[in-house]
Amino acid sequence: MISARKMRSAGLLFAALCVLASCGAFRGAKLDPKAFEVEGGREATVGTQTGGTSILDAFRGDGTAGIKVNRFLWTASLEVLDFLPVQNADPFTGVISTGFGTPPGGGRAYRATVLISDPALDARSLNVALQSRSGPVSPETQRAVEDAILSRARQLRGQAGRF
């Protein structure tokens, strides 16, 4: 007589084999690239698409996929906020997240999240969110950090033009 434990094991094994065998059933199927198209953004209106970009473009080798960020803003952000430990930095989405750190000569710890949303070197492309351990910082402090990043980015662009 077969025990219930062996029957259960045999049933699970059979189910796993069925699932594994069905993986090859869609081998000849084609993916519809329009199913993964991304709609939206600042310029988008309801019912229209922006640029016809799809998620599958990231896997194509033409090098045109991804969101472009300004390299001078990216480098300047990392340089200005170098006293903060970088936790995440994603150049494809333009997001830099840091942990808490204390600026040189300061006694208050800050952390920052930087979003570079456009390839243009301008203030609209840069968003900085600063926070201290006690909560958000004053708008003046945040604006001063953004101004420092923009100034450094302009310096870097000027230096790159000389070479």
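This short presentation describes the fold, the core and several local contacts of one protein.

Good morning. The model before you is predicted, and every value I give is computed from it. I shall begin with the overall architecture. The protein contains three helices and five strands. Read from the N terminus, these elements follow the order α-α-β-β-β-β-β-α. As to burial, 23% of the 163 residues count as buried. The exposed surface amounts to about 11700 Å², and carbon and sulfur atoms account for 58% of that area. Turning to contact order, consider the contacts with a separation of 6 or more: 37% of them join residues 24 or more positions apart.

I now come to the interior. The largest nonpolar core has 22 residues, and those touching the most other members are Leu 73, Leu 81, Val 114, Ile 116, Leu 126, Val 128 and Ile 149. Two or more residues of this core come from each of α2, β3 (110-116), β4 and α3 (139-162). Which element gives the most? That is α3, with five residues.

Helix α2 deserves a closer look. It spans residues 71-80, and its buried residues are Phe 72, Leu 73, Trp 74, Ala 76 and Ser 77. At the start of this helix, a side-chain oxygen of Asn 70 comes within 2.8 Å of the backbone nitrogen of Phe 72.

Within the same helix lies Ser 77. Is Ser 77 buried or exposed? Its relative accessible area is 1%, and therefore Ser 77 is classed as buried, the limit being under 20%. Setting aside residues up to four places away in sequence, Ser 77 touches Ile 96, Val 114, Ile 116, Leu 126 and Ile 149.

One of those partners, Val 114, merits its own description. Beyond residues up to four places away in sequence, Val 114 touches Ser 77, Leu 81, Gly 94, Val 95, Ile 96, Leu 126, Asn 127 and Val 128.

Val 95, in turn, belongs to strand β2, residues 95-98. Because its relative accessible area is 27%, Val 95 falls in the partly exposed class. Apart from neighbours within four places in sequence, Val 95 is in contact with Trp 74, Asn 88, Ala 89, Asp 90, Thr 113, Val 114 and Leu 115. Val 95 and Val 128 are 33 residues apart along the chain, and their C-alpha atoms are separated by 9.9 Å.

My next subject is Ser 132, which is located in strand β4, residues 126-132. With a relative accessibility of 2%, Ser 132 counts as buried. Its side chain forms a polar contact of 3.1 Å with the side chain of Ser 134. Once residues up to four places away in sequence are excluded, Ser 132 touches Phe 100, Arg 108, Ala 109, Tyr 110 and Val 137.

Phe 100 appears again in a further interaction. What sits over the ring of Phe 100? It is the charged end of Arg 133, at 4.3 Å from the ring centre. As for aromatic pairs, a search of the whole structure finds zero.

To close, let me return to two points. Ser 77 and Ser 132 are both buried, at 1% and 2% respectively. The core draws two or more residues from each of α2, β3, β4 and α3, and α3 contributes the most. Thank you for your attention.

Notes. Residues numbered from 1 in each chain as written. Predicted model: local features only at pLDDT ≥ 70, side-chain atom pairs only at ≥ 80, totals over all residues. Heavy atoms only, no water. Phe/Tyr/Trp six-rings, centres within 6.5 Å; stacked < 30°, edge-to-face > 60°. Lys NZ or Arg CZ within 6 Å of the ring centre and 35° of its normal. Helix = DSSP H or I, 4+ residues; strand = E, 2+ residues; numbered from the N terminus. Buried < 20%, exposed > 50% of the residue type's maximum accessible area, 1.4 Å probe, protein only. Polar contact = N/O pair within 3.5 Å; in protein donor to acceptor, adjacent residues only side chain to side chain. Contact = heavy atoms within 4.5 Å. Areas by Shrake-Rupley, 256 points an atom, 1.4 Å probe, with all protein chains shown as cover. Core = buried A, V, L, I, M, F, W, Y, C linked by side-chain atoms within 4.5 Å.
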